[in-house]
Each structure stands twice: as structure tokens, then as C-alpha cells.
Amino acid sequence: MRRLLMLFGAACAVAPPRFLALALALTGSSVWAVGPAEAVGTRRPAATPLAGLRYTNAFFPGTTYRAAVPTPEAVLGFGLGDRAASVGEIERCLKAWTQASPDRTRWVEYARSHEGRPLSYVVVTAPTNANRLDRIQEGLARLGDPRRTTDDEAAALIRSLPAVAWLGYTVHGDETEGSDAALALLYHLIAAEDAATARLLEALVVVVDPVMNPDGRDRFVKMIAENRGVAPNVDDQSLVHDGYWPYGRGNHYLYDLNRDYLWAAHPETRGRLHEIGRWLPQLVVDAHGMGSQATHLFSPPREPINPYLPEGRRRWAEVFAADQARAFDRHGLLYYNGEWNEEWYPGYTDAWASFRGAVGILYEQARVAEDGVRRPEGRILTYRESMRHHVIGSMANLLTLQAHASDLMEHLYATRKSACATNGVFAGRTYAIWPTANRSRVEAFVDLLQVQGIEVYTASSEFTAAEGTGPLGTKASGLTVPAGAVLVPARQPLGHLIATMLDPDVRFSGPMLAEERRELLQKGRSRVYDTTAWNLAQMYGLELWVLGMEPAAGVEPWPAAAAAPMGSESGAAGVDAAEDQSAVAYVVDGASDASVAVAARLMEQGVRVRVAEKPFVFGNRAYARGSVAITALDNRTSQGDWRASLHATARDQGLQAVPILSGFGPGDLPDLGGRHFQLLEPPRIGLFSRGHYSANDYGAIWYTLDHRLGIRHSHLEEAGGNDLSRYNVLIVPDRWGRSAPETSVAPLKEWVRAGGTLVVIGNSTASVTSEKAELSKVRPLPDVLGRLADYELAVLREWLGRQSATPPEEAVWARTVRPGLTYPWQIAEGAFPDEKELKKRDAWQTLFMPQGALLASRADTNHWLTLGCGEWLPVLVGRQPVLMAGEGVEAPIRYGVWRAATPSAQGAAGAAERPADRPAESGKSEKKEPPRVGWCALPEGVELHLRLSGLLWPEAAHRLANAAYVTRESLGRGQVILFATPPTFRSAARGTERVFLNAVVYGPGFGAAPAVRP
């Protein structure tokens, strides 16, 4: 330590003073070990004066503070707002202030980030409230569940309880001013001696969550330090303000935590969900930063407004907004609301809170990283002033809550009471998830609901529902609900949140739909800020039914903890040691997504693994395709106790390795030694990063590899001179946009030919689907408009291959050749328009591509990439390329599900074929030409189901129908696998995530041709 301080002192001797405080912050040191101010020959010129950079306005002018509470400057060692405080410095303030004021504060650490940093909040209130915080939480819990509270009891609780505010800052780590503003606010609330603050704290319990994303914040604070110069920089394009890839917005996995409230994938969110559930705040503030040249935005938002937001939410948002506007007006500040800010996606902090009965409020302050930013009007917006805008807004909101405390607690109670009403909008509605052998996915889905505080039940026996609506809009009466179904009644306190999470078809209002189309046509952009679809069950690839009833008899609560996994500490459950040792093989059922992790982790331990591409039966037990088989013969030379590794690995994933005494499959079912049990090649994975890759997609893939598989992999620089021979799987994430520079494919081409598996996602597919790349036969739709007939034929051939019909036997066995042979392309009689017309149509349809819609997509259940999938699965589709797969390309998943046409659909199709000015002629036979859906004919008697949820304009539906979601093709000894859209979106798309895991883990064994081992 002494040597470190000596070196540090020497460095300080030549460093400008403005570097020193940050250096100390990053080292966590509070010791100033400095040498002489300047050494000979090292003097640097001082920064020239910059008018407007000094902002001296106090956060709370004229306030007297208690001397017992140390000032921010005393704790930090620099003035609050002189620069962005690090997470460690913020924690130091929280600790010092709560220790100095134990009678009015409570410091709670509620989670640890992926990098081990604490997430903490401080409760500030009057001493009379601080002494009964546990009782306050108990009272709020009763108020929040009207099923066990009468109106009179609720009124008494409202009179006796303080209102609760939850103020959260910096969920995006590079929006730094929010956390420093939180320190200014906290110090004032804790230390101020004025009567107004005392009255505020008597009426309220204020919870301040100053750093919602500690990993992202400290990453960005480090970037500021790396790009800081001698002189202050006020150019917002400078790296000191903007940072560099991957920036500071996301957490450790670069995840946008302001989208995680639906998915609860990360510890920061899960901890916060739990604590907000305990406090039931009536006000939730989410303070952000935005573009440096903007002003200040606050709620309420504009349309589209989610239809399940509680009644009264808009009215209260306007009350808060009016008070906040008056506060800003008093200080002569500029602001706005609405404009780009809408409230459709329910996974934002403020929207999510509003569904729970709080008033959620968003702030967006013009962002400054440090010093200041020169604005269009010529003045400099300083970091400290930017902080002060957040402080003004926060105090205004607290004062509004104080003024309307009883009414806002009544709003919470009324919201939840309406959700529980026997004659309310949620009465007689239950969301049911059909049971599946993929137990790990079901348990993950239930865990997600339970962490939200949602009550979940299961059917202990089958029962009949009078009516229900199922996948693809199927209507059923007298519906049998199977035993084991997951049941989520909408009529419970969180009914509004449940409905928006699970309703399969949330729709815009009519006026909003018209406004969205106008925006697309006039400006070429959507009015929707995020995805238009998010249904949890569909994202998880689970079968969802909406029942027109409430849970019946025979329904019991789902256990709070996950069911005990199969297997036990001793190894294979129910199998004696002799049988275990005499097994010729072991099987882990592939229905579970966790089976892929078992295979990957076993191979990492040196165990040889096979995977079945077909269902099979061993020992009177049926196993799904995709099941993992580990044979004694394959592992006869394995080092160590491979059986112990197998049982431990399976048990860790909640699965069982079943011993197999014979590899004989009855009848035509696969035998263990046949070609349907593919020996896998251990994956050696490289993941490209940096450059123009999407940090969101890269982070989601990284998270998936870490948390679904838990196996080693390498992150590679995009432009690095990497030795690619070390890897047999390379993953190319989505790019920021189609205009981003393409990936260099020259080194990848030879690597694939040598046996590599190349997985390319989203906009990055443009690099490999061009003619010049010579890597893939797949093409984007605009490139093949002159050859659509070839791609149409590929789809029709696929459709015919799915049919069980064959020519009449007499025609097959005939000795003579008969005329009248038919061909697939005759289904689509009629030429396509000329290429010029097709280009015009495609450009028009491209305007209406979805902002994020869930599409029903058919799966080839004979392909190894769809192991663990059913006949169709939901796919989230945005504005990524439309991939066209023709001859020589496998397309295991395409957009659209074929179903027999209903009579009404057939009639509509027939009407669509006739020109508008020519009515159907009765009594005349008319040759009908099957209609085309987009670029592909629709076979007679068939309709294509496509939209599951979200906004999908007809133009986009025609462009996307029958296009490939995932493709696979050989190149030399290797293969190229393309995903049209990110399959690991927000770590929430469990259905498509399974396809990605198959590609990465099974690809080297199934699709590539590894060399024979000596």
C-alpha cells in the first residue's frame, strides 16, 4: 500500500488538479498523497476562462441544515455537482447520513448487481413514522388487497398512514445527473431544519433509490475520466459526454433495465420489484436524461395509451404535471410533456408502477456528463444546473403527494378494488397455460409472475370451461382444461398488470391507429417508442388460453418455491447402484430447454454426448426428439467418473439422467446405434462485439450463454486479427441498423468451409446475403423481386411435402403413361407483375414494417434446429431484413401457419379475386386463380395465420408472409445459420431462444462435418 501511495503521489505531481478527485474516487482512497504542485519541465497551461460554466445557484437556497449531518462536500471531498459521483462515493454518503440520522432514516441494500455492486435505497421520514415503518408496511399491504379490507377499514388506514413516494434515479448508467440530484435531495430531506420539510416528512415516507444501475454508472464514470482533458469540454459530441461502445446505458450485460420490469431477468430489477411490492408507493418517479440539446420532459405521456392502465391514472398525472410546471415556471425553466413520450409498452418503470395503482412519473432532463454543454441558444447548461432541474421536479412531486396524500391512497385502493370486483372488467376471466413436458420453461414463466406478486394456481384435475379463446384466435366451447394447467385469474389486486401482460391481443384505439398510419405516411416513422407486442406466454412459447370463467373447484395455489427437481443427491432417483452401473446409456429428456445446458456442460467436462433427432422409446418410456443420450461406449476412455459428472450436471439443471439397459427401439422407432442419434462436437464459441454491433443484442446473447448454458466462450473484437481456428462456432450479433458498415466476411468464408458454424443475426445478415459475399444463397427480399417465382415454388414444394395425400394408387402402379400431370407452380397460375412494379410495391410495404409484433411461425419438426419446438411458435418481428430462402437453403421456420380455411375466409378470398367492378356471375363456371399472400400463392382451401399480437399492417403482413425466420445451409464442411430477428430478445423470448441454443450447442455436431479423431 505504501508503494502504491508513493506511485500515486508521483503521478499527482504532474497531473492537473481536476484529474485528482476522480483518480481518488476510482481507487476508493480518501488519502491525498500528493507531491509538489508542479515539477520542473512538466508545467501545463491552465484552461482559459469560459463564461457561463460556473453555476452557483443553491439547490435549496436559504435552508439551514443540522450540523450533525455531514455535508455532501465533507463526505465526497468535492462539491456536489462538480463532477459525477461514483457508486462507491454515493454509498459513502448514504452510510454517513443514515448513521448521523438514525431517528429519521433507514438504509436498505436490496440487491447486488452482476458485478457485485450494491443497490440501496434510503427511507426518510419523520421520527414518529420511522419508529413504525414495519407497521406502515403492514397497513399498506392490507390497503393493497381489498379482498381482506372493508371500505371502512380502508378509510381508517388511509387516515392513519403516511403516503409513500419511491424516487428512482439513473436506471440508464450514462444519465448521470439523476444520481447526484438524488444526493442533493436526500441531504436536504435528512438535514434540513425548516418547518416545511418537517411537515412534509410527517405526511410522507420518502424512499430514494439513487443508483438503479450501478454497473452502467461506474462504467460511464470511467469513460468520462478516460476522455477528460485539461480544459472543461462543453461540446456534447465529445467522448467525454457521449462515451463509447458499449456506453453506460445498460447494466453488466448491457441490458436496458428500463425495459426489464416485465421480464425481471436481472438482479437489479428483481430486487426492486420485491421492495416496491413491500412499500406499495402511491408515487413512483423514474428520473432519466435525454439528448443534451433538449430541455426537460415530464409526464403525462401522449397516445398510444395502454387500455389496461387504471382509471384515474391520467387525471392524477395531469395534477402532478400542473404542479411541476408551476415549479419550473417559477425558476424560468423550459419543459414539455407528451411529444415522443407514450405509454403503450408496460415494461417501463413509470408505466409498470401505474398498472399497480401508483402514479408513475417519467423525467427526461437534457443530459450533461460533466462541466456543461453549449446549447443552441448560446448559453452553457452546466452539470450542476441539470441536476437542479431533477431536484426541482422531485420536490414538486413530493409536495403534490403531500397535498393529496389521502386521495392518492384512495386511488391505490380503488384501483385494486376495481380489479377484484365480482362485476368488474376482470371478472370471469382466467389465463390458462397448458401443461407441457418443458417443465423448466413453465417454472421460469411462473417464477416471473410470482416475482411480480401475481397469484398463480394450478389445476389438480381436469375441468371443463364453458368457453375459451386459444392460440391463433381459436374459439372453443365446452373446453377441457387439462390437469397441471397454470391458471392466472385476472380478478385479483394486480388485475390491470395481469391483463396487459397476458392479454393476447391488446389493441390501439381507433384514433391512435389512424394517427400512427398518418405518421408513417407523412414522416416515415412510427409514433410507438418500443415494441407493440410483449405477451408473456407467447414470448415464452407456451400455449395460452383465455377462459371465460374463474378458477373452479380442484384448483390449488402454485407452490411459492419451484417444484423439487427430479433426481437426488445420490444420483439417479429410483435406480439402484447395480442398475446404474450396468446401463448401456443414460437419457435426459429433450423436451426441457435445460437439456441443452446439460449437453453443453457435459461436453465441457469431456463427456461425449449424442442427441436424438427423432422421438424414441427405450424401456417402455417415451422420450422427445432432442433428448440427450450419453452412452457407456462413447465414454469408455473418459477421464474421471463420467457417471458422477452426468448425474450432478443433470441434477443441477433440475433434470434426471435415466439409465437405459437396452438401446433397442421397438418397431420403426430409432435404435441407439442408428443415424438418428447424432454424436455431438463440443462447441468452442466466439461472440463478436464492439464496433457497430447492437449492444442490446450482444448483451442478450452474452446473458444467454452465461445464464442458460453457463459455459465458456470468448468475446472477440470485430476488426481484430483473431485466430478463428480456435473456434467452431462464431456468433455475429445484430447491428445497430441496416446502414451500419457491414462485417468483413473474407476471413469467415474460409473458416466456414473448414467446418465452422456461423450464426448471424438480424441486420448483420446483410453482410453474408449479398452476391459478392459468396457465403449464403439467402437473399433479402428487395434483391430477388425479379425472381419471386423461384421462391414461391420453394414454399409450395414445402407445403406439398407436408401433405399426406399421394396420387391414386392406380396412377402410381399404372403400366401406361397418362396425360394430365400437374405441377406445384400451377397452383399459382398467373405471372408476377414486372420488376419495376414489384419494387414500387416493396418500397410501399416497407413503410409499414412492424415496430415489434408477434407472428405465428410454422416449424419443420423434422429439422434439428427446431428440437424442443412444436409445429409452430411465436416470433417477435421488427424492421429487420426479410430473408428469402430458395433452392439449396433449409428454412426450418417461416412466418405464417397454414390452416384449413373457414367458409367465411374462403368467401372473402373469392371476393378478393374478382375485380371490384365485376360481380360474381351466377350459373357460370369460372376458373378461380388462388390468391397470393404477398409474393406466394395460397393453396386452395388454406388460410395463413400470421399476426398473434401487436400492430401488423396488412402491407407488412404481405411482405413478411412465408419469409424465413431462420435458415441453414452448408458451405464446404461448415454451415451458415441466419436469424432474421434477434432470437434472445431481452432474455425473454424463450421460444426462439431454444432455436438459438440448438444452433450454438448442437450445430458443430449436426450441421458441420468435423474431422474424424485419430
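Modeller: Helices (H or I, at least four residues) and strands (E, at least two) are DSSP runs numbered from the N terminus, and two strands pair if DSSP finds at least two bridges between them. This is a predicted model, in which local features need pLDDT of at least 70, side-chain atom pairs count only at pLDDT 80 or more, and totals for chains, interfaces and linings use all residues. Residues are numbered from 1 along each chain as its sequence is written, and side-chain values use heavy atoms, leaving out hydrogens and water.

Colleague: What makes strand 28 and strand 29 a pair?

Modeller: Strand 28 (residues 729-732) and strand 29 share four bridges in the parallel sense, so the requirement of at least two is met. Here L730 stands opposite L758 of strand 29. Strand 29 is also joined in parallel to strand 41 (residues 974-979), by five bridges, and V759 stands opposite I977 of strand 41.

Colleague: Why is strand 29 called largely enclosed?

Modeller: Buried means under 20% relative accessible area, exposed over 50%, and partly exposed in between (1.4 Å probe, protein chains only). Five of the five residues of strand 29 (residues 757-761) are buried, so the rest of the structure largely encloses this strand. T757, V759 and I761 are buried on one side, L758 and V760 on the other, and thus both faces are covered.

Colleague: How do you know whether L821 is buried or exposed?

Modeller: L821 has a relative accessible area of 61% and is therefore exposed, the limit being over 50%. This residue lies in the loop between helix 27 (809-812) and helix 28 (835-846).
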